[in-house]
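Here is a quick tour of a protein model, going from the overall make-up to a few individual residues. Keep the structure open and follow along.

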Amino acid sequence: MTFRSLPRRLLSVGLGLSALASLGADAPEAKPAPPAAPAIAVPAAPLPKVRLFTTGGTIQSKGANRQKLAEYNDGRVTPQELIDDLPELKAVARVDFDDISNIGSPGVNTEVQLKLAKAINAWLAQPDSAGAVVTHGTATLEETAYFLQLVVKSDKPVVVVGAMRPWTGISRDGPLNLYNAVRTAASPDAVAKGVMVLLNDTIHSARFVTKNNTYRVDTFVSRELGPIGYADSDRIAFYRTPLTRHTTNSEFNIDKLEALPAVDIVYGYQEASPAPIEALVAAGVKGIVLDDTAPSFNRASAGAMAKGIIIVQSDRKGSGRVLLSERTAGRGVITADNLNAQKARVLLRLALTKTTDAKEIQRMFSEY
Ligand code: ASP
């Protein structure tokens, strides 16, 4: 029997009795009782402590129409509202929050990412903390999740969660995603799995996950390698663990950083112009990620590298590795392995906090 089904059964028994009592009497018609709050069985043993770090996004958005699932700029859901909306959490963890920002994820910038990562590191360094959950808009969620994968200094679980439907929508997905994220962050089985992304009951590694669809609730996929587990109602079930370097095994440290080197992305397509690369060089970027190739890029990239700018070759196909080759290495170009361009940018920025040596940066792209 679920937590929710219990009070409903009691409620329907109660309504049946009151209907019987009113038979033959002149009593006014009984008003239906409001739905009962779920009966939560709180375990006697102290529950694990999980902290919610909220940044904004659809999971914290309200709309005026329940049925217009893509129109929702009518207010923000506060962290306390998110927690109060889920009394079921009381049986899972002691949940507190840290309100980091209140923005859509395209607006998440270096300042927000550094603030978030430092706050998570401080929380997870406390001996009695069990895990962390981050609410985030889905558009750039994979970038923040991968950033955290590289800079969190703890093997305690960190779960990044979002929603595809606003808090006010019919069949909203946020509360179940959040409930499952807290369950996962509180699970001893989630320790040392790196940073995870959870939507639609599915647990992905931050390293491999990407947003795959503009609108559907099953938008997050790990294209070639699949999810690492599921948050099902009986248990959090893990089947795999990522082998790329992360968290406690990462060489990157943001403790003392207030900014990160500028890196931008240039898209490749037929007849792509070299102008964006030249403009970025003139703007003073430290690195450029090419999302595919174009004939005009070779000369423009050579010009950029001559000025000490690091060039990383990614690929717009969305899955598959960019292989190491003598030809690209000979030109001084770094290959992104199977990181998409937006994640390659995250790694390149952190790599540039340590070195500008192309061979060293290539090593990092092979290891992270
Ligand atoms: N626009 C939203 C964002 O903040 C989309 C979402 O959260 O799903 O990314």
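## Overall make-up

Counting secondary structure first, the protein has 10 helices and 14 strands. Bear in mind that this is a predicted model. Of its 368 residues, 42% are buried. If you take the contacts between residues at least 6 apart in sequence, 68% of them join residues at least 24 apart.

## The eight-stranded sheet

One open sheet has eight strands with mixed pairing, and its order reads β2-β1-β3-β4-β5-β6-β9-β10. The edges belong to β2 (94-99) and β10 (236-238); each has a single partner strand, so one side of each is left without a neighbour in the sheet. From one strand to the next, the twist averages 25 degrees.

At the β10 edge, look at how the strand is held to β9 (residues 229-231): the two run antiparallel and are joined by three bridges. As for Gly-229, its bridge partner in β10 is Phe-238.

## Helices on that sheet

Helix α3 (residues 110-124) packs on the sheet, where it touches β1 (49-54), β2, β3 (129-135) and β4 (158-161). The direction of α3 makes about 160 degrees with that of β3.

Helix α4 (residues 141-151) lies across β4 and β5 (195-199). Relative to β5, α4 runs at about 155 degrees.

## The four-stranded sheet

There is also an open sheet of four strands, ordered β11-β12-β13-β14, and here the pairing is parallel. β11 (263-267) and β14 are the edge strands, each with a single partner, so one side of each is left without a neighbour in the sheet.

In the middle of that order, five bridges join β12 (residues 287-291) to β13 (residues 310-314), running parallel. One pairing to pick out is Leu-290, which stands opposite Gln-313 in β13.

## The nonpolar core

In soluble globular proteins, nonpolar side chains tend to be buried together. The largest nonpolar core here holds 85 residues, and Val-182 and Leu-347 touch the most other members. This core draws at least three residues from each of domain 1 (49-249) and domain 2 (263-367).

What does Val-182 touch, not counting residues up to four places away in sequence? Its partners are Val-50, Leu-89, Val-92, Ala-93, Val-95 and Val-133.

## Two residues with positive phi

Most residues other than glycine have a negative phi. Asn-200 goes the other way, with a phi near 55 degrees. You'll find Asn-200 in the loop between β5 and β6 (202-205). Is Asn-200 buried or exposed? It counts as buried, because it has 20 C-beta neighbours inside 10 Å and the cut-off for buried is 20 or more.

Asp-337 also has a positive phi, about 55 degrees, although it is not a glycine. Asp-337 sits in the loop between β14 (334-335) and α9 (341-351). With 21 C-beta neighbours inside 10 Å, Asp-337 counts as buried.

## A loop residue between β10 and β11

Finally, have a look at Asn-249, found in the loop between β10 and β11. Asn-249 is exposed, because it has 12 other C-beta atoms within 10 Å and a residue is exposed at 12 or fewer. Asn-249 and Gly-194 are 55 residues apart along the chain, and their C-alpha atoms are separated by 9.7 Å.

Conventions:
Residues are numbered from 1 along each chain as its sequence is written. This is a predicted model: local features need pLDDT of at least 70, side-chain atom pairs count only at pLDDT 80 or more; totals for chains, interfaces and linings use all residues. A nonpolar core is a set of buried Ala, Val, Leu, Ile, Met, Phe, Trp, Tyr and Cys residues joined through C-beta atoms within 7 Å. Domain bounds come from an automatic or database domain assignment. Two residues are in contact if their C-beta atoms, placed from the backbone, lie within 7 Å. Two strands pair if DSSP finds at least two bridges between them. Axes are lines fitted to C-alpha atoms, for helices over the stretch in contact, and angles run from 0 to 180 degrees between N-to-C directions.
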